[in-house]
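User: I am new to this structure and would like a close look at a single part of it. Please pick one spot and walk me through it, step by step.

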Amino acid sequence: MEMDSNLITKPSKKGAILSTVFYALAVVLLITAFVSLAACHQNISRQLEQGVPVQGNELAIVNLYLTSCVQYFAFAAAMVFCGKASRKIMAFKADVPEQVTPYMLNPPAEATGSDYAEEVEPEDDDTDFEAWGFREKEE
């Protein structure tokens, strides 16, 4: 089998466009992450120059980094994953022929015999209520 006939290497046009959009979003998010990282580092450096001690503020520093830039790196990674996944999914969908299944073309089958009927035993008498002490009121 040739490498060119592999459908994963030859995605459909929709898959290529969709994955390109995801990759473009990943690039935008990475640029945003690095700009945010630089601003966060500059902010912390200025605070340290003003005499704010690092000791006792470690959690605040880590929290500032986590809230300002790490989320953009995570979203960029998610967009790269979506780009790769959409390419493979669209290539897979292009490979599978669309099949129409005739669900209700035939009339429903008639039930024959007593195999399908629920058999109910008729009750003889309601004596079980009398054993509990319940009696019908006679008027």
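Analyst: One word first: a residue is buried when its relative accessible area is under 20%, exposed when over 50% and partly exposed in between, using a 1.4 Å probe and protein chains only. The model is predicted, so local features need pLDDT of at least 70 and side-chain atom pairs count only at pLDDT 80 or more, while totals for chains, interfaces and linings use all residues. Residues are numbered from 1 along each chain as its sequence is written, and side-chain values use heavy atoms, leaving out hydrogens and water.

Let's set the scene. The protein has 3 helices and 0 strands; these are DSSP runs numbered from the N terminus, with helices being H or I over at least four residues and strands E over at least two. Reading from the N terminus on, the order of elements is α-α-α. Of the 139 residues in the protein, 12% are buried. Among contacts (heavy atoms within 4.5 Å) with a separation of 6 or more, 86% join residues 24 or more positions apart.

How confident is the predictor? The average pLDDT, which is the predictor's confidence in each residue from 0 to 100, comes to 76 for the protein, with 56% of the residues scoring at least 70. Helix H1 has the highest confidence, at 90, whereas helix H3 (residues 127-132) has the lowest, with a mean of 62. Over residues 1-9, pLDDT stays under 50, and the model has 6 contacts beyond four places in sequence for that stretch.

Now to the spot itself, and to the two cysteines in it. Cys-40 has a relative accessibility of 5%, so Cys-40 counts as buried. Cys-69 is buried because its relative accessibility is 2%.

Why is there no bond from Cys-40 to Cys-69? For Cys-40, the closest cysteine sulfur is the one in Cys-69, and 5.4 Å is too far for a bond. Looking back from the other side, the sulfur of Cys-69 finds its closest cysteine sulfur in Cys-40, again at 5.4 Å and again too far. A disulfide needs a pair of cysteine sulfur atoms within 2.5 Å, and a search of the whole structure finds 0 of them.

Next, meet two serines that touch these cysteines. Ser-36 sits in helix H1, which covers residues 13-49, and Ser-68 sits in helix H2, the helix made of residues 58-95. Leaving aside residues up to four places away in sequence, Ser-36 touches Ser-68, Cys-69 and Tyr-72. With that exclusion, the partners of Ser-68 are Ser-36 and Cys-40. Picture it this way: Ser-36 is in touch with Cys-69, while Ser-68 is in touch with Cys-40, and the two serines touch each other.

Are these serines buried or exposed? Ser-36 has a relative accessibility of 14% and therefore counts as buried. Ser-68 is buried too, since its relative accessible area is 18%.

Let's follow helix H2 a little further, with Ala-33 as our reference point. From Ser-68 to Ala-33, the sequence separation is 35 residues, yet their C-alpha atoms are 8.2 Å apart in space. Gln-71, also in helix H2, is 38 residues from Ala-33 in sequence, with 7.9 Å from C-alpha to C-alpha. Ala-74 is another residue of helix H2; 41 residues along the chain separate it from Ala-33, and the C-alpha distance is 9.4 Å. Gln-71 counts as partly exposed because its relative accessibility is 34%, and Ala-74 counts as partly exposed because its value is 45%.

One more feature belongs in this tour. A search of the whole structure finds 1 aromatic pair, made by Phe-34 and Phe-73, which meet edge-to-face with 5.2 Å centre to centre and 85° between the planes. Rings of Phe, Tyr and Trp (its six-membered ring) pair if their centres lie within 6.5 Å, and planes under 30 degrees apart count as stacked, over 60 as edge-to-face and the rest as tilted. The pair links distant parts of the chain, with Phe-34 in helix H1 and Phe-73 in helix H2, 39 residues apart. Phe-73 is partly exposed, because its relative accessible area is 28%.

To gather the picture: Cys-40 is buried and touches Ser-68; Cys-69 is buried and touches Ser-36; and the aromatic pair again links helix H1 with helix H2.
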